[in-house]
Amino acid sequence: MSSNSILVTGASGQLGQLVLDHLQRLAPEAAIAGLVRKEADAAALRARGVEPRIGDYTDPASLRSAMAGVHKVLLISSSAVGQRVAQHQNVIDAARDADVGLIAYTSILRADSSPMILAQEHKETEAALRSSGLPVTLLRNGWYTENLLGALDSDLKLGQHFGAAGDGRFTTATRNDYAEAAAVALLRDDAAGKVYELAGQPAFTLSEFAEALSAEAGSEVAYVDMPQEAFAQALVAAGLPEGFAGVLADSDAQAAKGALETDSTDLETLIGRPATPLKDAIRAALAAR
């Protein structure tokens with residue numbers, strides 16, 4: 001691959017596919033590859049003009065092969081909560097062995113100081129990246145608007161949105177916003193060493209989220225605040241694994257203390273526009289039902 005070659009890991013995932021969309025739009029001349037685990041996903045990449053590389057975060061040999069000739073790597077964080085650090089280390093080691101020119105990583109807002117359980121593996125991964133000797137870009141993604149819209153059908157059915165964030169404020173952006181920011185950062189010549197705190201503005205509470213949802217849906221949805229443990233139990237009852245439910249409940253409880261709010265405008269600066277407004281994201285989610 002050429003000196004402007006880019007490998008996107010997790011290329012079959014929701015974020016990875018959107019990053020590929022933006023890379024192809026912004027840099028049609030770039031040599032873009034995607035890391036996937038299955039041949040079916042590789043075929044889908046070929047159909048869209050992206051070179052597939054077969055590899056798995058748990059298979060160091062496959063990662064070393066996938067890195068051949070690559071200049072820049074986007075490490076999209078693993079979805080295997082609890083196993084991320086070892087998996088990410090495998091990718092970092094392969095990138096270092098391939099002497100890539102840049103590795104960018106999708107982290108979490110203020111990963112170095114966040115009290116959220118969800119931030120711990122990101123913090124450890126950032127430390128591994130710093131120790132790698134590679135040029136690094138940290139893309140610290142804030143809360144996804146889609147996280148709040150995941151219970152849309154239930155919210156509308158019950159007329160209630162449950163959480164444990166109290167009056168804590170969220171600065172969210174959509175998956176597409178974060179994907180565009182990642183693509184722009186990968187294409188910059190000065191991204192090495194940068195730490196981007198990415199989030200949309202303005203901040204809002206979950207009560208304000210419920211009000212916005214009510215306005216767009218045309219039916220009343222009220223925010224119901226719960227103790228952290230009760231919220232975790234409710235998430236388990238809704239079908240989430242106990243461990244993950246606990247992590248999400250912790251995230252809400254920490255949001256109550258400001259963990260998911262920032263005044264950073266890094267996202268808007270990177271993509272050259274404001275993040276997708278909350279009402280627009282709600283409207284799109286309602287239309288997609």
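Here is a quick tour of some salt bridges, a strand pair, a helix pair and a few backbone oddities in this structure. Keep in mind that this is a predicted model. There are 19 salt bridges in the structure, and some of them share partners, joining Asp112, Glu126, Arg130, Arg140 and Glu197 into one network. On the backbone side, look out for a cis peptide bond between Gln201 and Pro202, plus positive phi values at Asp99 and Arg110.

**Salt bridges**

- Side chains of opposite charge can pair when their charged atoms come close.
- Start with Arg140 and Asp112, which form a salt bridge with their closest N and O atoms 3.3 Å apart. Arg140 sits in strand β6 (residues 136–141) and Asp112 in the loop between β5 (102–108) and α5 (120–131), so this pair ties together parts that are 28 residues apart in sequence.
- The two ends of that bridge sit in different accessibility classes: Arg140 is buried at 5% relative accessible area, while Asp112 is partly exposed at 43%.
- Glu126 and Arg130 make another bridge, with 3.9 Å between the closest N and O atoms. Both belong to helix α5 and are four residues apart, about one turn of the helix.
- Here the acid is the buried partner: Glu126 has a relative accessible area of 1%, whereas Arg130 is exposed at 58%.
- Arg273 and Glu180 meet side chain to side chain in a salt bridge of 2.8 Å, N to O. Arg273 comes from the loop between α12 (266–271) and α13 (278–287), and Glu180 from helix α8 (residues 175–187), so the bridge ties together parts that are 93 residues apart in sequence.
- In that pair, Arg273 counts as partly exposed at 25% relative accessibility, and Glu180 as buried at 9%.

**Strands β7 and β9**

- Strand β7 covers residues 160–163 and has two faces: His161 and Gly163 are on the covered one, Gln160 and Phe162 on the uncovered one.
- β7 runs parallel to strand β9 (residues 222–225), and four bridges join the two.
- If you want a register marker, Phe162 stands opposite Val224 in β9.

**Helices α10 and α11**

- Two packed helices are described by the angle between their axes and the distance between the axes.
- For α10 (residues 228–237) and α11 (residues 242–255), the angle is about 140° and the axes are 8 Å apart. That makes α10 oblique to α11.
- The crossing of α10 past α11 is right-handed.
- On the α10 side, the contact is made by Gln228, Phe231, Ala232, Leu235 and Val236. The α11 side contributes residues including Glu242, Ala245, Gly246, Leu248 and Ala249.

**Backbone oddities**

- Most residues other than glycine have a negative phi, and most peptide bonds are trans.
- The bond joining Gln201 and Pro202 is cis, with omega at about 0°. Pro202 is found in the loop between β8 (195–198) and α9 (206–217).
- Asp99 isn't a glycine, yet its phi is positive, near 55°. Asp99 lies in the loop between α4 (84–97) and β5, and is exposed, with a relative accessible area of 62%.
- Arg110 also has a positive phi without being a glycine, at about 50°. Look for Arg110 in the loop between β5 and α5, where it is partly exposed at 24% relative accessible area.

Key. Residues are numbered from 1 along each chain as its sequence is written. This is a predicted model: local features need pLDDT of at least 70, side-chain atom pairs count only at pLDDT 80 or more; totals for chains, interfaces and linings use all residues. Side-chain values use heavy atoms; hydrogens and water are left out. Buried means under 20% relative accessible area, exposed over 50%, partly exposed in between (1.4 Å probe, protein chains only). Two strands pair if DSSP finds at least two bridges between them. A salt bridge is a side-chain nitrogen of Lys or Arg within 4 Å of a carboxyl oxygen of Asp or Glu. Axes are lines fitted to C-alpha atoms, for helices over the stretch in contact, and angles run from 0 to 180 degrees between N-to-C directions. Angles under 35 degrees count as roughly parallel, over 145 as roughly antiparallel, 65 to 115 as roughly perpendicular and the rest as oblique. A crossing is left-handed if the near helix is turned anticlockwise from the far one by less than a right angle, and right-handed if clockwise. Contact means heavy atoms within 4.5 Å.
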